[in-house]
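Reader: I should be grateful for a close look at a single part of this model, with its surroundings described residue by residue. Please set out the contacts first and the burial afterwards, and then turn to the helices.

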Amino acid sequence: MFRSTPPVTPPSGWWTRPWYIALLAIISIIPLIRPEVPPLVDLMGHMGRYRVELADPASPLLTEYFSFKWALMGNLGVDLLIVPMAKIFGLELGVKLIVMAVPALTLTGLLLIAREVHGRLPATAGLVAPFAYCWPFQWGFINYVLAMALALNAFALWLYLARMGRIRLRALLFLPIGCLIWLAHGFAWGVLGLLAFSAEIVRMRDVEGRSFFASLWRGALHCLPLAPPMLLMILWRAGDVQGATVDWFNWTAKYVYLVSALRAQHMAFDVGLVSLLILLVLFGIASIRWRRIGLDMRRTLGVATLVLIIAYMVMPRIVIGSAYADMRLAPYVIAIGVIGLVPRSTNRVALNAIAAIALIVFAVRVYQATVQFAGFSAYQEKQLAALDHVDRNSRVFALVELPCLSRWESPRLEHLGAMAIVRRDAFVNGQWTMAGAQLLSIAYAPAKGYAEDPTQVMRPRRCRAPNARSIESSIALFPRDAFDYLWLINASRDHWPINDPALKLIWNGGERGALYRIQQDVSPFPSRSRR
C-alpha cells in the first residue's frame, strides 16, 4: 500500500478565497445564457419525452402517439425535476435552467472536494474547471451529468462530516441522499459509492491506524448507508428490462473515450489539454509512492482515482442497454485525479502563475463553448423555422443528414426533430424505446419500423451501419399514409425529392433543409434525387 505522509495544507492565495469557487461556477454558465435550447446532442430528444410526460391526458400525444408510464428506475433525474420547473417556467426555459445548473454544480462539487481533502484549494485546482463541459455533457446525457454533479457535492459533504467526526449524522443523512442520487441516475450512485469507499479506506489507515484488510472491512461497513439502492436495483432488474450488458474490454474505445473526455469542436486543443491533464495525474499518482516529482497527490483522491481507473477498465461499453457506459465515467476519472494534485513548491510567483494559467485555460474553454453554442443554436433555430408551417397534433417523418461519427465536431442535430413534439405537440420519429428502461413507448402502430431512434439519422454510405437506410430509400419506403409531413433537416438539395406529386414543398431552409406536406390523395412517383 502507498506510504502515508502527513498532509501539508497548501499555501493561501487569491485562488483560496471564498469567492473563487463561486466565480468559476458563475463563469461556467456563460455559454448557456444565449441559446434558447442548449445545443446538446441528445437533449432535444429528452425534451420530446418531457413534453409527452407533461401533456394533457386527452392530448393526441398520449391518446394516439405515445404511452408514458412512471416506473421506479435509476434514471429519472430531469424527468422528475422538470415537473415543477415546467409549471413555473414552462418546458423550454425549465430545461434550460436545469442544464445551466449542471456545469456550476459540477464545479462546486469538484472544488469543494479539493478543499476538504487539501485543507484549502491548491493552485492547481482550477485546472479541473474545463470538465464542467466534458463530453458526456456535450452529448446531452443530462440525467447522468446532473446526477454526477449532485454526487460530487454529496461526496464533499461526506468528507466534511468525516473530518468533523459526525459519522452517525453522516449515516443518517446519506440514507436518503444515496437513494435520491440513484433515482437521478444509477451510474452516479455507483461512482459516489466508489469515492466514499476509497475515502474510508484511507481514513481508516491514516487516521485510525488500522491494517489494510481491517480498513477494507470497516470502510465497507461505513458505506452501508449508501447500500439501500441495491434493493431498488434488484426490483428494477426484476421487471421488464430487456437491455443487454455487452462489449467488455474494448480497449480501442476506452482509449478514444479518454482522449475525448473534453471533446468539443477544436480537436487539437481538446486532445492536447486532456493529454496534459492525464500526464499530470499520472505524475501525481507516481509521487504517492516515490515523491520525486514536483507534484504531490493526496492519498484520499489518489486511491479514489486508482479505484475509478479499475472501474473504468472493467466496465463494459453497454450496460443494461445503455450505450457509452464507460465513456460517461472517463472524464470524472481524470477530474478526480486533477483535484488530488498539489504543487510541492511554495514559491509565490510559481503558484500565482499556475493558478493564473488554470484560469486562462478555463476562460479559453468558456469562450470556445460560448461561440460554438451560439453558432449551433442559430443554425438549429433556422432549421426549426420549418415548424411554423406544421399543424399542431400532426405527424412528422423527420430525416437528419449527419456526418460520420468519427468526425470530431458534431453538428448537434441528431434529435432536433423531437422539437416538433415540444413546440407542435406532433408525433415525430426518433424517440428511444426500451421495455423497462424507458418511461416512454411508441403507441402509434401505423409508423412501425419508421418510428424509433435511429430511423431519423442519415449518415454517408461509407460510415452507415450495414442495415441502415439511405435518405433516398427512407423517402421512397416510409409509410406516407402514417404521416402528414416529411421534414428533411440539414439535408442538401441533392437529397431533396423531385418530381414526386405526393410531396409538396412548403418550406425550405436555403441550401440545407426542407419541409414537404404529404398529399394523401395523390399517388407518388418513384422517388428520385437530384445528383
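Author: In this predicted model, Gln-456 is in contact with Ala-398, Leu-399, Val-400, Glu-414, His-415, Asn-429 and Gly-430, once its neighbours within four places in sequence are left aside. The residue itself is found in the loop between β6 (440-442) and β7 (457-458). Two polar contacts of its side chain may be described. One reaches the backbone oxygen of Glu-414 at 3.3 Å, and Glu-414 also appears among the contacts listed above. The other, at 2.9 Å, is made with the side chain of Asp-453. As for burial, Gln-456 has a relative accessible area of 3%, which is under the 20% cut-off, and therefore counts as buried.

Thr-455 lies in the loop between β6 and β7 as well. Residues up to four places away in sequence not being counted, Thr-455 touches Leu-399, Asn-429, Gly-430, Gly-449, Tyr-450 and Arg-469. Leu-399, Asn-429 and Gly-430 are thus contacts of both Thr-455 and Gln-456. With Asn-429 there is also a polar contact of 3.2 Å, joining its side chain to that of Thr-455. The side chain of Thr-455 further reaches the backbone oxygen of Glu-452, at 2.6 Å. The relative accessibility of Thr-455 is 12%, so this residue too counts as buried, the limit being 20%.

The helices may be taken next. Two packed helices are described by the angle between their axes and the distance between the axes. For helix α1 (residues 18-28) and helix α5 (residues 91-118), the angle is about 155° and the axes are 8 Å apart. Because angles over 145 degrees count as roughly antiparallel, α1 is roughly antiparallel to α5. The crossing of α1 past α5 is right-handed. On the α1 side, Ile-21, Leu-24, Ala-25 and Ser-28 take part; they meet Pro-103, Ala-104, Leu-107, Thr-108, Leu-111, Leu-112 and Arg-115 of α5.

Helix α14 comprises 16 residues (299-314). From its first C-alpha to its last, α14 reaches 23 Å, close to the 22 Å expected at 1.5 Å a residue. Buried residues in α14 include the run Arg-299, Thr-300, Leu-301, Gly-302, Val-303, Ala-304 and Thr-305. Leu-308, Ala-311 and Tyr-312 are buried in α14 as well. An α-helix has 3.6 residues a turn, so residues three or four places apart point the same way.

Methods: Residues are numbered from 1 along each chain as its sequence is written. This is a predicted model: local features need pLDDT of at least 70, side-chain atom pairs count only at pLDDT 80 or more; totals for chains, interfaces and linings use all residues. Side-chain values use heavy atoms; hydrogens and water are left out. Helices (H or I, at least four residues) and strands (E, at least two) are DSSP runs, numbered from the N terminus. Buried means under 20% relative accessible area, exposed over 50%, partly exposed in between (1.4 Å probe, protein chains only). A polar contact is a pair of N or O atoms within 3.5 Å; within protein, one must be able to donate a hydrogen and the other to accept it, and residues adjacent in sequence count only if both atoms are side-chain atoms. Contact means heavy atoms within 4.5 Å. The expected span of a helix is 1.5 Å times one less than its number of residues. Axes are lines fitted to C-alpha atoms, for helices over the stretch in contact, and angles run from 0 to 180 degrees between N-to-C directions. Angles under 35 degrees count as roughly parallel, over 145 as roughly antiparallel, 65 to 115 as roughly perpendicular and the rest as oblique. A crossing is left-handed if the near helix is turned anticlockwise from the far one by less than a right angle, and right-handed if clockwise.
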